[in-house]
Amino acid sequence: MEDRVSREHSAIDVPDLTNEELQRYDRQIGPGVLSVEGQRRLKGATALVTRVGGMGGPAAQSLVMAGVGRVIIAHGGEMISADLNRQVLGSEEVLGKPRAEHFAAYLRTMNRFVTVEAIDHEPDDREAAELANRCDVILACPPNFTERLRLNRAAVESGTPFIDAAQWGMTGSLIVVRPGETACLQCVYPEEPPFEEFFPVLGAISMATGALAALEAIKILSGAGTPQYGKMLMVDGFHGRTTSLELRRDPNCPCCGGMVSTK
Ligand SMILES: [Zn+2]
């Protein structure tokens with residue numbers, strides 16, 4: 001376990017940008033945003049977003065608009081009416097149809113400079129591990145802990161930066177993990193908590209949480225700003241409160257215990 005180390009974002013390729021791309025991203029390159037180098041890093045990067053519903057949809061959309069070179073989305077099942085209070089990648093035209101390919105087709109219309117791959121199911125252990133090895137960041141947006149902890153495990157084992165996004169009612173939360181250095185999701189949830197399949201959630205908080213997850217991913221990939229590694233960010237929209245908690249690694253964590261950092 002000790003030979004596992006956190007992957008550096010410097011491992012990302014930094015391809016050149018065309019004049020058309022520089023024009024596209026003109027409003028996000030400059031002081032306080034991205035450098036040209038950061039934008040090139042985004043172009044060279046691959047991001048995985050699992051479940052592209054209320055949170056993952058806006059997260060994937062934000063990554064595509066920002067110019068992350070390859071965005072892989074994974075989501076099984078078909079769109080139902082009750083999804084439309086929060087799932088922004090589909091419209092009423094997608095009702096009864098498989099989500100992943102339709103959502104990917106929509107994302108491709110937003111930015112021809114990026115590649116969008118669609119996976120029409122939730123990855124199992126083996127596929128999650130393979131995907132983690134291909135990716136520079138993982139955004140986990142499933143509603144259930146089985147999938148969230150599986151993706152956390154794949155991220156930690158491959159040393160891939162990991163962002164877990166969760167929502168309930170009018171509340172959203174994020175955990176940002178740098179494997180081997182900061183607490184992982186299983187440090188926070190050693191056992192899988194009980195899960196209710198149909199919980200209440202409002203689209204506005206889903207979108208806000210997904211957008212914040214994308215913002216963390218963009219900072220991690222580009223080198224801009226300060227990624228919130230080792231923290232849990234919570235937005236309690238019901239009461240109008242935001243909180244940031246420092247998380248401690250559990251030395252006995254069954255997922256990351258014993259793992260060492262490159263730093
Ligand atoms: Zn851990």
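The following exercises, each with a worked solution, concern a predicted model.

**Exercise 1. The sheet**

Determine the order of the strands in the open sheet, and identify which strands stand at the edges.

*Solution.*
Step 1. The sheet is open, has eight strands and follows the order β3-β2-β1-β4-β5-β6-β7-β8. Its pairing is mixed.
Step 2. As background, strands of a sheet pair through backbone hydrogen bonds, in either a parallel or an antiparallel sense.
Step 3. β3 (115–119) and β8 (241–246) each have a single partner strand, so one side of each has no neighbour in the sheet, and these two strands stand at the edges.
Step 4. From one strand to the next, the twist averages 15°.
Step 5. One pair may be examined in detail: strand β5 (residues 162–168) and strand β6 (residues 171–177) are antiparallel and pair over seven bridges. Within this region, Ala-166 is placed opposite Ser-173 in β6.

**Exercise 2. A helix on the sheet**

State which strands helix α3 lies across, and at what angle α3 runs to β1.

*Solution.*
Step 1. Helix α3 (residues 56–66) lies across β1 (46–50), β2 (70–74), β3, β4 and β5.
Step 2. The angle between α3 and β1 is about 165°.

**Exercise 3. Two helices in contact**

Classify the crossing of α2 and α8 as roughly parallel, roughly perpendicular, roughly antiparallel or oblique.

*Solution.*
Step 1. The axes of helix α2 (residues 36–44) and α8 come within 8 Å, and their crossing angle is roughly 105°.
Step 2. Angles of 65 to 115 degrees count as roughly perpendicular. The helices α2 and α8 are therefore roughly perpendicular to each other.
Step 3. Helix α2 contributes Gly-38, Gln-39, Arg-41 and Leu-42 to the contact, while α8 contributes Ile-218, Leu-221 and Ser-222.
Step 4. Sorted by class, the residues of this contact are three nonpolar, three polar and one charged.

**Exercise 4. The nonpolar core**

Identify the residues that touch the most other members of the largest nonpolar core, and the helix that gives the most to this core.

*Solution.*
Step 1. The largest nonpolar core has 62 residues, of which Ala-47, Val-71, Ile-73, Leu-139 and Ala-217 touch the most other members.
Step 2. Helix α8 (residues 203–222) gives the most to this core, namely eight residues.
Step 3. Take Val-71 as an example. Apart from neighbours within four places in sequence, Val-71 is in contact with Ala-47, Val-49, Ala-60, Leu-63, Val-64, Leu-107, Val-114 and Val-116.

**Exercise 5. Residues in loops**

Decide whether Val-68, Arg-51 and Pro-142 are buried or exposed.

*Solution.*
Step 1. A residue is buried if 20 or more other C-beta atoms lie within 10 Å of its own.
Step 2. Val-68 lies in the loop between α3 and β2. Because Val-68 has 29 C-beta neighbours inside 10 Å, this residue counts as buried. Val-68 and Ala-47 are 21 residues apart in sequence, yet their C-alpha atoms are 7.3 Å apart in space.
Step 3. Arg-51 belongs to the loop between β1 and α3. Having 27 C-beta neighbours inside 10 Å, Arg-51 also counts as buried. Its phi is near 65°, a positive value in a residue other than glycine.
Step 4. Pro-142 is found in the loop between β4 (137–140) and α6 (145–158). Pro-142 is buried, since 22 other C-beta atoms lie within 10 Å. Beyond its neighbours within four places in sequence, Pro-142 is in contact with Thr-50, Arg-51, Glu-122, Glu-147 and Arg-148.

Methods:
Residues are numbered from 1 along each chain as its sequence is written. This is a predicted model: local features need pLDDT of at least 70, side-chain atom pairs count only at pLDDT 80 or more; totals for chains, interfaces and linings use all residues. A nonpolar core is a set of buried Ala, Val, Leu, Ile, Met, Phe, Trp, Tyr and Cys residues joined through C-beta atoms within 7 Å. A residue is buried if 20 or more other C-beta atoms lie within 10 Å of its own, exposed if 12 or fewer, and partly exposed in between; C-beta atoms are placed from the backbone. Helices (H or I, at least four residues) and strands (E, at least two) are DSSP runs, numbered from the N terminus. Two residues are in contact if their C-beta atoms, placed from the backbone, lie within 7 Å. Axes are lines fitted to C-alpha atoms, for helices over the stretch in contact, and angles run from 0 to 180 degrees between N-to-C directions. Angles under 35 degrees count as roughly parallel, over 145 as roughly antiparallel, 65 to 115 as roughly perpendicular and the rest as oblique. Ala, Val, Leu, Ile, Met, Phe, Trp, Tyr, Cys and Pro count as nonpolar, Asp, Glu, Lys and Arg as charged, and the others, Gly among them, as polar. Two strands pair if DSSP finds at least two bridges between them.
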